[in-house]
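User: I am new to this structure and would like to understand why its parts are described in the words that are used for them. Please take me through the reasoning step by step.

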Amino acid sequence: MSVAEGYEAPYEQFLLFGDSLLQHSCSQQKGFAFAPALQDAFIRRLDVINRGFSGYNTSQALEVLPNFMPSLEQAHLGFMMVFFGANDACLAGSASGQHVPLDTYKQNLRGIFQHPCVTTQKPRLILVTPPPVDEYSLEVSDAAKGILGVRRTAEHTRLYAEACKETGQDLGLIVLDLWSIFMDAAGYEPGKPLPGSKKTVKSPILGQLLSDGLHFTPQAYKVLFESTMEVIKREWPEQDPDELQFVHPTWQVAHGRYEVPDA
């Protein structure tokens with residue numbers, strides 16, 4: 001591997017912007033975690049910055065976005081992943097108040113990607129669709145929290161995954177279709193009830209991927225990580241970590257190494 005010259009170059013950033021599915025992706029309490037794995041893959045090449053906001057929908061995301069985005073003088077974004085929709089897809093009128101109408105969700109996604117603080121940075125953009133939900137597990141986890149009534153359904157969430165994918169395609173973005181990846185793993189057959197829906201039996205695969213019907217298990221975070229790396233290597237092969245230089249020299253050639261005197 002060649003080594004970048006000098007010590008002045010700042011680290012580019014890989015910004016993760018999303019809801020709890022990204023906020024929680026730092027925790028290794030249960031095992032494999034997405035953000036640390038991404039940090040390890042790009043160590044000394046890019047800084048991975050987690051801006052996950054638990055509970056946020058896209059309307060809230062648009063409000064907070066300019067408050068943390070760096071200026072070009074502060075840092076440059078090499079990548080930006082946007083991963084919202086799980087909360088927008090709550091049912092209208094549900095107790096949490098997180099619901100965002102489908103058309104507004106699409107407008108908000110456009111607003112994020114077209115925001116001046118993003119377009120000025122010109123990062124490589126990855127849009128991730130909201131994943132499926134498991135209604136069986138959600139019923140149990142919501143009841144344990146004292147939450148009454150249905151907040152999310154498999155069918156309603158699919159509408160947001162499709163809208164996310166459609167918006168990304170309209171904007172010419174790279175879309176990581178995590179909904180379809182999980183559905184394929186669960187053995188979904190078009191025309192039949194969705195895995196995760198109470199219109200069919202409980203899906204053991206979704207049970208392995210979703211800890212409470214919504215949030216990710218280590219297995220799901222591993223799927224997200226592997227899928228992300230596949231996207232990067234396919235769409236931007238020059239950004240494969242194995243192809244990137246270290247920002248600062250290796251210890252063998254870095255200034256300050258003690259030189260052993262000749263005998």
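User: What makes aspartate 134 count as buried?

Analyst: In this predicted model, aspartate 134 has a relative accessibility of 0%, and since buried means under 20%, aspartate 134 counts as buried.

User: Why is the pair of lysine 202 and aspartate 134 called a salt bridge?

Analyst: The closest N and O atoms of lysine 202 and aspartate 134 are 2.5 Å apart, and a salt bridge asks for a side-chain nitrogen of Lys or Arg within 4 Å of a carboxyl oxygen of Asp or Glu, so the pair meets the rule. This pair links distant parts of the chain, with lysine 202 in the loop between α8 and α9 (204-209) and aspartate 134 in the loop between β4 and α6 (135-144), 68 residues apart.

User: Is lysine 202 buried, partly exposed or exposed?

Analyst: Lysine 202 has 39% relative accessibility, and partly exposed covers what lies between under 20% and over 50%, so lysine 202 counts as partly exposed.

User: How many salt bridges are there by this rule, and which residue pairs with lysine 106?

Analyst: The count comes to nine, and one of them joins lysine 106 to glutamate 166, whose closest N and O atoms are 3.2 Å apart. Glutamate 166 belongs to helix α7 (residues 154-170) and lysine 106 to helix α4 (residues 102-113), so that this pair, too, links distant parts of the chain, 60 residues apart. With a relative accessible area of 37%, glutamate 166 is partly exposed, and lysine 106, at 21%, also counts as partly exposed, because buried would require a value under 20%. Another salt bridge is formed by lysine 192 and glutamate 189, with 3.1 Å between the closest N and O atoms.

User: How do you know that aspartate 177 is in a polar contact with threonine 129?

Analyst: The side chains of aspartate 177 and threonine 129 are joined at 3.4 Å, and the limit for a polar contact is 3.5 Å, so the pair falls within it. A further polar contact, of 3.3 Å, joins the side chains of aspartate 177 and lysine 165. Aspartate 177 lies in the loop between β5 and α8 (178-185), and at 14% relative accessibility it counts as buried.

User: What makes β4 and its partners count as paired strands?

Analyst: Pairing requires at least two bridges; four bridges join strand β3 (residues 77-83) to β4, and three join β4 to strand β5 (residues 174-176), so both pairs qualify. Both pairings are parallel. Methionine 81 has isoleucine 126 in β4 as its bridge partner, while valine 128 stands opposite leucine 176 in β5. Strand β4 (residues 124-128) is itself mostly covered, with four of its five residues buried.

User: Which residues touch the most other members of the largest nonpolar core?

Analyst: That core has 45 residues, and those touching the most other members are Phe14, Leu16, Phe34, Leu38, Phe42, Ile126 and Phe216. Helix α10 (residues 218-235) gives the most to this core, with seven residues.

User: How confident is the predictor in the model?

Analyst: The mean pLDDT of the protein is 93, and 94% of its residues reach 70 or more. Over residues 1-7, however, the pLDDT is below 50.

Note on methods:
Residues numbered from 1 in each chain as written. Predicted model: local features only at pLDDT ≥ 70, side-chain atom pairs only at ≥ 80, totals over all residues. Heavy atoms only, no water. pLDDT = per-residue confidence, 0-100. Contact = heavy atoms within 4.5 Å. Buried < 20%, exposed > 50% of the residue type's maximum accessible area, 1.4 Å probe, protein only. Helix = DSSP H or I, 4+ residues; strand = E, 2+ residues; numbered from the N terminus. Core = buried A, V, L, I, M, F, W, Y, C linked by side-chain atoms within 4.5 Å. Polar contact = N/O pair within 3.5 Å; in protein donor to acceptor, adjacent residues only side chain to side chain.
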